[in-house]
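Please examine the sequence and the three-dimensional structure shown below. The explanation that follows should be read with both in view.

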Amino acid sequence: APKVEDAQLAIEEVPLPVPRTGEVLIKVAAAPVNPSDYGKWKKVLGPGEQWTPLPMGNEGSGVVVASGGGVLADRLVGKSVGFVNLVKQGSWSEFVTASALKAVFQLPPTLPAEDGASFYVNPYTAYAIVDTARRRGGKGFVHTGAASQLGQMLVKYCATEATDITLLNVVRREEQARILRSLGAKYVLVSAGDEWKLNLKQTVKELGLEVAFDCVAGEMTEILVDALPKGGTCYVYGRLSGEAARIAPIDLIYFSKTVEGFLVAGTGSQAWINLSKPVTALWRLNAAGKAVNAGLAGGGWASTKFDDCELDTMHARFLEMWGTSGFTDRKLRIRMPATVEPEL
Ligand SMILES: NC(=O)c1ccc[n+]([C@@H]2O[C@H](COP(=O)([O-])OP(=O)(O)OC[C@H]3O[C@@H](n4cnc5c(N)ncnc54)[C@H](OP(=O)(O)O)[C@@H]3O)[C@@H](O)[C@H]2O)c1
C-alpha cells in the first residue's frame with residue numbers, strides 16, 4: 001500500500017489567479033497540514049486510474065487583496081479571512097481565489113490572520129459533533145483519538161460552553177490523558193492494558209452514554225460498538241489507524257446498534273452541513289460560525305496549537321513528526337512569506 005513517506009511533493013510556480021465576479025483574491029498567511037491532507041498521499045489507484053498532480057491544502061487563512069466584483073466580494077477587501085472549498089487550487093499557495101459566498105469566512109478582526117489557519121475543519125467539526133450528539137439524544141458521547149487538535153477543542157468546548165454534554169475521552173498514551181485533564185477533561189481512558197475494554201464498558205454504562213465518535217477505526221470501532229448499549233450509534237469520522245472499521249455482526253443483528261459515517265460538510269445524509277439541503281445547511285453554518293469565531297482567540301476553545309514551517313521545509317518537518325508520534329499538541333502550519341506582493 002502507498003505510504004506517506006513516498007509522496008512526491010513539488011512546489012510549482014503558476015500565474016497569479018484572477019478573481020471572477022463574486023470571487024476574491026486572498027494573500028495567504030498560513031495553512032495547516034491536516035490528516036485529511038496527508039491522507040491523500042496514500043491514495044490507492046483504482047483500475048485504469050493514473051497519477052495526476054493534485055493541488056494540496058483544504059483550508060487556510062489570509063487577507064483579501066482584491067475583488068473580482070460583486071457586493072459580497074467587494075465588502076471583503078482588506079479583511080482577514082479563512083477559506084475552504086477551493087476549486088482546482090490548494091491552500092498551500094501564496095495566493096488563491098475563492099467564492100465570497102461559498103468559500104470565504106470573515107475572521108474576528110482582533111485575530112492575527114495566521115492564527116485563523118485552522119478556523120474551519122476542526123472547530124466546525126467539534127461544534128457539529130456536539131450538535132449531532134444532542135440531536136441523537138442521550139447525555140453525551142465517547143470520543144477516540146481524543147488528544148488530537150479536534151479532541152482538545154471538544155474537551156474545552158464541553159468544559160466551558162456545552163456543559164450539558166458528558167464527554168468520555170479515549171487516548172492511547174498516559175501523557176495525552178494528562179494534557180486533556182489539564183484542559184478540563186473529567187473522564188479520560190487510556191486504551192492500553194488488559195482492563196481497558198472492561199473499564200470502557202463500565203464507564204459507558206455508568207455515564208449513560210449511547211453514542212460514540214470514532215476517528216481511529218480498525219479494531220477501535222468494534223470495541224466501541226461492543227461497549228455501547230442496545231440501540232447505540234457509533235459515528236466513524238476518521239481513520240487514523242489506517243485500517244478498515246471492524247464491527248461484530250452480532251451487535252448489528254441482535255442489539256440494534258448502528259455504525260454511520262460522519263462528515264462536517266458535503267452532500268448526503270452523513271454530512272452535518274448537507275449541501276443538498278441549503279436552508280438547513282445555511283442555518284447550521286451561521287450557528288457554528290458564531291460559536292467558532294467566539295472561541296478562536298488565543299487559548300479559546302476553537303484555537304489550535306501550531307508548529308510552524310515553510311512551504312519548502314514542510315515535507316521534511318512532517319516526516320519528522322510522523323516518525324515520532326509527534327502530532328499531539330502541535331498542528332503543523334505552513335507560513336507563507338509576508339513580503340510577496342501580487343502584481344495586480
Ligand atoms: N469527518 C470529518 O468531517 C472530519 C473533520 C475534521 C477532522 N476529522 C478527523 O479527525 C481526526 C483528528 O484530526 P486532527 O486534525 O485533530 O488530528 P491531529 O491534531 O493531527 O491529531 C492526531 C491525533 O491522533 C492520534 N493518533 C494517531 N494515530 C492514532 C491511532 N492509530 N490510534 C489512536 N490515536 C492516534 C495522535 O496521537 P499520537 O501523538 O499518539 O500519534 C494525535 O493525538 C482525523 O482523523 C481527521 O481526519 C474528520
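The paragraphs below go from the domains to a helix pair, then to aromatic rings, and finally to single residues.

The structure is a predicted model. The protein is divided into two domains: domain 1 comprises residues 4-118 together with 306-335, and domain 2 comprises residues 121-272. Domain 1 is thus written as two stretches of sequence. The C-alpha centres of domain 1 and domain 2 lie 28 Å apart. To the contact between them, domain 1 gives eleven residues and domain 2 gives 13 residues.

A pair of helices may be considered next. Helix H3 covers residues 121-136 and helix H9 covers residues 278-295; their axes come within 10 Å and cross at roughly 120°. The crossing of H3 and H9 is right-handed. Which residues make the contact? From H3 come Pro123, Tyr124, Tyr127, Asp131 and Arg135, while H9 supplies Trp283, Arg284, Leu285, Ala287, Ala288, Gly289, Ala291 and Val292. Sorted by character, the residues of this contact are nine nonpolar, one polar and three charged.

The aromatic residues form a further topic. A pair of aromatic rings is described by the distance of the centres and the angle of the planes. In the whole structure, a search finds 21 aromatic pairs. In one of them, the rings of Tyr120 and Tyr124 have centres 4.7 Å apart and planes at 35°. The pair of Tyr120 and Tyr124 is therefore tilted, because planes under 30 degrees apart would count as stacked and planes over 60 as edge-to-face. Both Tyr120 and Tyr124 are buried, and Tyr124 also belongs to the contact of H3 with H9.

A second pair is formed by Tyr235 and Phe262, whose ring centres lie 6.1 Å apart. Why is the pair of Tyr235 and Phe262 edge-to-face? The planes of the two rings stand at 75°, and an angle over 60 degrees counts as edge-to-face. Tyr235 is located in strand S10 (residues 233-236), whereas Phe262 is in the loop between strand S11 (258-261) and strand S12 (263-266). The pair therefore ties together parts that are 27 residues apart in sequence. Tyr235 has a relative accessible area of 8% and is buried. Phe262 likewise counts as buried, at 8% relative accessibility. Aromatic residues also gather in a group: Tyr38, Trp41, Trp92, Phe318, Trp322 and Phe327 form one aromatic cluster.

Three single residues complete the account. Ser80 lies in strand S3, which runs over residues 80-83. Is Ser80 buried or exposed? With a relative accessible area of 15%, Ser80 is buried, because the limit for this class is under 20%. Leaving aside neighbours within four places in sequence, Ser80 is in contact with Gly62, Val63, Phe105, Gln106, Leu107, Leu111 and Ala113.

Asn85 is placed in the loop between S3 and strand S4 (95-99). The phi angle of Asn85 is near 50°, a positive value in a residue other than glycine. Asn85 has a relative accessible area of 52% and is therefore exposed, the limit for that class being over 50%.

Ala217 also has a positive phi, of about 65°, although it is not a glycine. Ala217 lies in the loop between strand S9 (211-214) and helix H7 (219-227). At 3% relative accessibility, Ala217 counts as buried, whereas Asn85 is exposed.

Technical notes. Residues are numbered from 1 along each chain as its sequence is written. This is a predicted model: local features need pLDDT of at least 70, side-chain atom pairs count only at pLDDT 80 or more; totals for chains, interfaces and linings use all residues. Side-chain values use heavy atoms; hydrogens and water are left out. Axes are lines fitted to C-alpha atoms, for helices over the stretch in contact, and angles run from 0 to 180 degrees between N-to-C directions. Helices (H or I, at least four residues) and strands (E, at least two) are DSSP runs, numbered from the N terminus. A crossing is left-handed if the near helix is turned anticlockwise from the far one by less than a right angle, and right-handed if clockwise. Contact means heavy atoms within 4.5 Å. Ala, Val, Leu, Ile, Met, Phe, Trp, Tyr, Cys and Pro count as nonpolar, Asp, Glu, Lys and Arg as charged, and the others, Gly among them, as polar. Rings of Phe, Tyr and Trp (its six-membered ring) pair if their centres lie within 6.5 Å; planes under 30 degrees apart count as stacked, over 60 as edge-to-face and the rest as tilted. Buried means under 20% relative accessible area, exposed over 50%, partly exposed in between (1.4 Å probe, protein chains only). Domain bounds come from an automatic or database domain assignment.
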